[in-house]
Amino acid sequence: MTDSVSERVADAAEQLQSDDSAVDLKDFTRRELRELVNFGLDEPEFRGDQLFKWLYCHLAEEFEEMTNLSKDLRAKLDGTARVSPLSFNGAHQSDDGTQKLTFRCEDDAVVESVFIPSRNRNTLCISSQVGCAMGCTFCYTAKMGLQRNLTAGEIVDQVVQARRLTAEHDGRLGNIVFMGMGEPLHNDDNVIRAIEILLDENGLNFSRRKVTVSTSGVVPAIERLGEETDVQLAISLNATTDETRSEIMPVNDRWGLDELIETLENYPLSNRERITFEYVLIKGLNDTLEDAQRIIELTANIPSKINLIPFNPHPKTPFETPSEETMEAFQKYLVDRNIGVYRRRTRGRDEMAACGQLGEPGDKKEPPHVQKKLEKFRSQQASKAVNP
Ligand code: SAH
Ligand code: SF4
C-alpha cells in the first residue's frame with residue numbers, strides 16, 4: 001500500500017470511494033494514477049499503468065473497453081471516475097485543410113484546438129486557458145478576458161480527442177504547440193503536469209523536441225519551465241523597444257525586455273537547440289528595418305530563430321497586416337545577416353482558426369489600461385492617415 005501521497009491524489013482517492021463523483025483520470029500523471037488506484041481502490045499499483053495505457057495507447061472512450069481490468073473494477077470506476085473531461089462539439093474546416101476543433105467542458109466552457117495538417121507532420125495547436133488575462137491589444141482571445149484555467153486533463157484530452165478525430169490523416173499527429181487560447185505560463189502547474197503526461201513513453205510518447213510552449217514572457221514561469229521540463233520554448237516578442245512592446249503587450253510593464261532577454265540568455269538549452277522568437281508583423285507599428293536590426297541585437301546571445309507571423313486581421317482590432325513588400329524586406333534584412341528566419345504561412349484565416357483568432361469574445365470590454373492604449377494607437381493612426 002502506498003503510504004504517502006500528494007493532497008490531490010488523496011482527495012481524488014476519497015472521491016473514488018463515494019458514489020456521486022466523477023474523478024477525471026486524465027488529470028493525473030502515470031505515477032499519480034498508480035497511487036490513486038492503490039490508495040483509493042486498494043488495487044495493486046500496476047492497475048494504474050494499465051489504466052494509463054487504455055487512456056493513451058488505445059485512446060479508450062469507455063471503461064467497458066478495458067478488458068484486462070476485472071468487471072468489478074470497471075463497474076466501480078464507471079460510477080466514480082470518467083475517461084474524458086471534454087465532449088466534442090464540432091469541427092470547422094478551412095479551405096486550406098486546417099480544422100478548428102471545439103470541445104465543451106463539464107461546466108459548459110468551450111475549448112478550442114486547431115489541427116494543422118502538413119505533408120511531413122501534423123500539428124495540433126492546443127489551448128491552456130479559456131480566454132486569456134494578458135490583454136495583448138492585437139489578439140482576439142484577449143478580448144474574452146480570462147474565464148478560467150484548463151485542468152491538465154482538459155489540456156491532454158484535446159490531444160487524445162484530436163488524435164482520434166483526425167485518424168484518417170496519414171502521418172501522425174507529431175507536433176504539439178501551446179499556441180491556442182490562453183497564456184500557458186499563467187497556468188504553469190497544470191501545463192507542466194500535462195507535459196509530463198504527453199511525454200510519458202508508456203502513453204502518447206511525444207518527443208520533447210516536438211512539444212512547444214509559447215509565452216508572452218512570464219519571466220518566473222519561464223525559469224520554472226526550464227528547470228522542470230525540457231520541451232521547446234517560444235517567446236512572443238512582437239516588438240523591439242519597451243515603449244512599443246508595452247503599448248501592445250501589458251505583460252511588458254511587469255517584465256520588460258532587459259529582464260526577459262537576460263532570462264532567455266540563461267535558459268537551459270541542450271546542444272543545437274534554439275528558442276523561437278515569434279514576431280507578429282503589424283503595419284506601421286513594428287515592421288521597419290530598424291526593428292529588424294533591433295531583433296538581431298536583442299537575440300545576439302541567445303541560440304534562436306525568428307518566426308515572422310503576418311498579423312491576422314479580425315473585427316476587434318484597429319491593426320492591419322503590412323504590405324507583402326514590407327514583410328519581404330523585413331525578412332530579407334534578417335536573412336542577409338545570416339539570421340534563421342521563417343515566415344509562418346497563415347493557415348485557417350477563413351474559419352477564424354489562425355493565430356490570435358481563437359475565442360468568442362462576448363460583449364466584454366477590454367480592461368481600462370488596454371482601452372487607453374488602444375485609443376492612443378487609434379488616434380496616432382488617424383493622425384498618420386491625415387498627415388502621412
Ligand atoms: N499566449 C501565448 C500563446 C498563445 S498566442 C503567447 O502569447 O505566446 C499564440 C501566438 O499568436 C503568439 O505568438 C501571438 O503573438 C500570436 N498572435 C496573437 N494574435 C495574433 C494576430 N491577430 N495575428 C497574428 N498572430 C497573433
Ligand atoms: Fe494571451 Fe497570447 Fe493572446 Fe497575449 S497573444 S492575449 S498572451 S493568448
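**Figure 1. Surroundings of ligand 1 in the predicted model.** Of the 22 residues around ligand 1, those that come nearest are Gly182, Ser214, Ser236, Asn238 and Asn312. A residue is near a molecule or strand if one of its heavy atoms lies within 4 Å of it. The side chain of Ser214 places an N or O atom 2.6 Å from an oxygen atom of ligand 1. For Glu278, an N or O atom of the side chain is 3.1 Å from an oxygen atom of ligand 1. Asn312 uses its backbone: one of its polar atoms there is 2.8 Å from a nitrogen atom of ligand 1. A polar contact is a pair of N or O atoms within 3.5 Å; within protein, one must be able to donate a hydrogen and the other to accept it, and residues adjacent in sequence count only if both atoms are side-chain atoms. Residues are numbered from 1 along each chain as its sequence is written, while chains are lettered from A and ligands numbered from 1 in the order in which they are written. In this predicted model, local features need pLDDT of at least 70 and side-chain atom pairs count only at pLDDT 80 or more, whereas totals for chains, interfaces and linings use all residues; side-chain values use heavy atoms, with hydrogens and water left out.

**Figure 2. Asn312 in its loop.** Asn312 lies between strand E13 (304-310) and helix H12 (324-336). Helices (H or I, at least four residues) and strands (E, at least two) are DSSP runs, numbered from the N terminus. Is Asn312 buried or exposed? Its relative accessible area is 6%, so Asn312 is buried. Buried means under 20% relative accessible area, exposed over 50%, partly exposed in between (1.4 Å probe, protein chains only). Phe138 is 174 residues away from Asn312 in sequence, but their C-alpha atoms are 8.9 Å apart in space.

**Figure 3. The shell around ligand 2.** Cys132, Met134, Cys136, Cys139, Ala142, Gly182, Glu183 and Ser216 surround ligand 2. The shell divides into 5 nonpolar, 2 polar and 1 charged residues. Here Ala, Val, Leu, Ile, Met, Phe, Trp, Tyr, Cys and Pro count as nonpolar, Asp, Glu, Lys and Arg as charged, and the others, Gly among them, as polar. Gly182 appears around ligand 2 and also among the residues that come nearest to ligand 1.

**Figure 4. The open sheet of 10 strands.** The strand order is E3-E4-E5-E6-E9-E10-E11-E12-E13-E14, with mixed pairing. Strand E3 (86-93) and strand E14 (341-343) are the edge strands; each has a single partner strand, so one side of each is left without a neighbour in the sheet. From one strand to the next, the twist averages 25°. E3 pairs with strand E4 (residues 99-105) in the antiparallel sense over 7 bridges. Two strands pair if DSSP finds at least two bridges between them. Gly90 has Thr102 in E4 as its bridge partner. Helix H6 (residues 188-199) packs on the sheet and touches strand E9 (173-178) and strand E10 (211-215). The direction of H6 makes about 175° with that of E9. Axes are lines fitted to C-alpha atoms, for helices over the stretch in contact, and angles run from 0 to 180 degrees between N-to-C directions.

**Figure 5. Arg193 in helix H6.** Arg193 counts as buried, at 17% relative accessibility. Leaving aside neighbours within four places in sequence, Arg193 is in contact with Arg8, Asp27, Thr29, Glu32 and Ala152. Contact means heavy atoms within 4.5 Å.

**Figure 6. Two covered helices, H3 and H11.** In helix H3 (residues 46-56), 9 of the 11 residues are buried. Among them are Phe52, Trp54, Leu55 and Tyr56. The cover over the buried residues of H3 includes helix H2 (30-41), helix H4 (71-80), helix H5 (152-165) and H6. In helix H11 (residues 289-298), the buried residues include Ile295, Ile296 and Leu298. Helix H10 (257-265), strand E12 (275-281), E13 and H12 are included in what covers the buried residues of H11.

**Figure 7. Positive phi at Asp108 and Asn205.** Asp108 has phi near 75°. Its loop runs between E4 and strand E5 (110-116). Asp108 is exposed, with a relative accessible area of 51%. Asn205 has phi near 60° and is found in the loop between H6 and E10. At 45% relative accessibility, Asn205 is partly exposed.
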